[in-house]
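I opened this structure to take notes on a few features. My entries follow in the order I looked things up.

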Amino acid sequence: PSPADPTDWLLPDPTSEPPHAPWLQLLFVQDNRAELEACGCPGSPTGGMARRATFVRSLRQLLPQAVLVEGPNSLSRAILGVEEIRGEDRARARLLVELLAQARPDAFFPGQADLAVMPPEELARRADFPIVVSNLVRPVPGIEDHWLLEVEGRRVLLLGLLRPALNEATRSALPLRPGPAAAAALRARVEAADGPVDAVVAFTDAGLRDARRWLEEGLDVDVLVVPPAPGDDREAFW
């Protein structure tokens with residue numbers, strides 16, 4: 001592949017004329033994998049909460065209308081579902097929730113790994129920002145099943161779809177509705193109450209196999225954002 005161009009990562013001069021932007025400026029961060037410092041991984045560097053905070057401050061000055069959300073796989077390294085979660089992992093997750101709150105995300109769409117290291121009830125209690133999970137069978141107080149964003153007279157429905165659990169214990173403790181059924185039901189409910197939506201964006205921790213299966217089953221979203229798979233830099237299905 002061609003070498004990365006450092007200028008691609010530079011923000012425009014904040015004193016210059018603001019760049020032309022579409023009506024929806026949706027910025028997301030995901031797949032942090034519980035890293036506090038930049039991990040130095042050559043293939044997929046993650047972490048660096050101090051750098052992120054500096055970048056977010058600059059970004060908000062440059063694009064004050066932008067919506068910043070946190071995606072899956074932020075609080076835990078146990079993204080495969082087979083790792084042992086220890087007390088230090090839970091302590092790190094609590095610290096990360098505090099650090100995320102300082103960046104003032106507009107919403108957090110957790111994944112299975114996030115809820116494994118911090119149960120949904122605790123996450124809802126600790127987080128100082130909205131938590132969105134759209135396909136829970138049993139509602140959890142403090143966790144929303146959707147987020148409706150209104151921008152310049154347009155309405156965007158944002159969903160968070162958890163991937164199917166890998167083990168029976170997790171499936172029993174946190175039963176889920178299938179992603180396509182949950183998305184269809186929420187869209188129908190929102191449109192019946194408030195009228196049509198202009199776009200549906202769903203965040204998920206599902207792998208490419210589950211994401212493709214959902215799409216084949218008729219998942220009705222305009223954008224499905226998934227964490228990158230190893231060796232694959234694609235992050236969204238359009």
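**Entry 1: a bridge in the sheet.** I started with Ala202 and asked which residue is its bridge partner in β9. The partner is Leu224. I keep in mind that this is a predicted model. I then looked at β7, where Leu159 stands opposite Ala202 of β8. I now have a partner for Ala202 in β9 and a residue opposite it in β7.

**Entry 2: the strands around β8.** I looked up how β8 pairs. Strand β7 covers residues 154–161 and pairs with β8 in the parallel sense. I noted six bridges for β7 and β8. Strand β9, residues 223–225, also runs parallel to β8, and three bridges join them. Next I followed the chain from β8 to β9. Helix α7, residues 208–216, makes a right-handed β-α-β unit with β8 and β9.

**Entry 3: is β8 enclosed or open?** I checked burial along β8, residues 199–204. Six of its six residues are buried, so the strand is largely enclosed by the rest of the structure. I wanted to see both faces. In a regular strand the side chains alternate between the two faces of the sheet. On one side of β8 I found Ala199, Val201 and Phe203, all buried. On the other side I found Val200, Ala202 and Thr204, also buried. Both faces of β8 are covered.

**Entry 4: aromatic rings.** Phe203 led me to the rings. Ring pairs link it with Phe28 and Phe109 into a cluster. How many aromatic pairs does the structure hold? I noted three. One of them is Phe108 with Phe129. Their ring centres are 6.3 Å apart and their planes stand at 65°, so I logged the pair as edge-to-face. It links distant parts of the chain, with the two positions 21 residues apart in numbering. Phe108 is in strand β3, residues 107–108. Phe129 is in the loop between α4 (120–126) and β4 (131–132). I also looked up their burial. Phe108 has 0% relative accessibility and counts as buried. Phe129 has 8% and counts as buried.

**Entry 5: Glu35.** I finished with a loop residue. Glu35 is found between β1 (26–29) and α1 (49–62). Is it buried or exposed? At 17% relative accessibility, Glu35 counts as buried, because the cut-off is under 20%. I then listed its contacts, leaving aside neighbours within four places in sequence. Glu35 is in contact with Thr46, Gly47, Gly48, Met49, Arg77, Arg92 and Leu96.

Conventions: Residues are numbered from 1 along each chain as its sequence is written. This is a predicted model: local features need pLDDT of at least 70, side-chain atom pairs count only at pLDDT 80 or more; totals for chains, interfaces and linings use all residues. Side-chain values use heavy atoms; hydrogens and water are left out. Rings of Phe, Tyr and Trp (its six-membered ring) pair if their centres lie within 6.5 Å; planes under 30 degrees apart count as stacked, over 60 as edge-to-face and the rest as tilted. Helices (H or I, at least four residues) and strands (E, at least two) are DSSP runs, numbered from the N terminus. Buried means under 20% relative accessible area, exposed over 50%, partly exposed in between (1.4 Å probe, protein chains only). Two strands pair if DSSP finds at least two bridges between them. A crossover is right-handed if, with the strands pointing away from the viewer, the path from the first strand over the helix to the second runs clockwise. Contact means heavy atoms within 4.5 Å.
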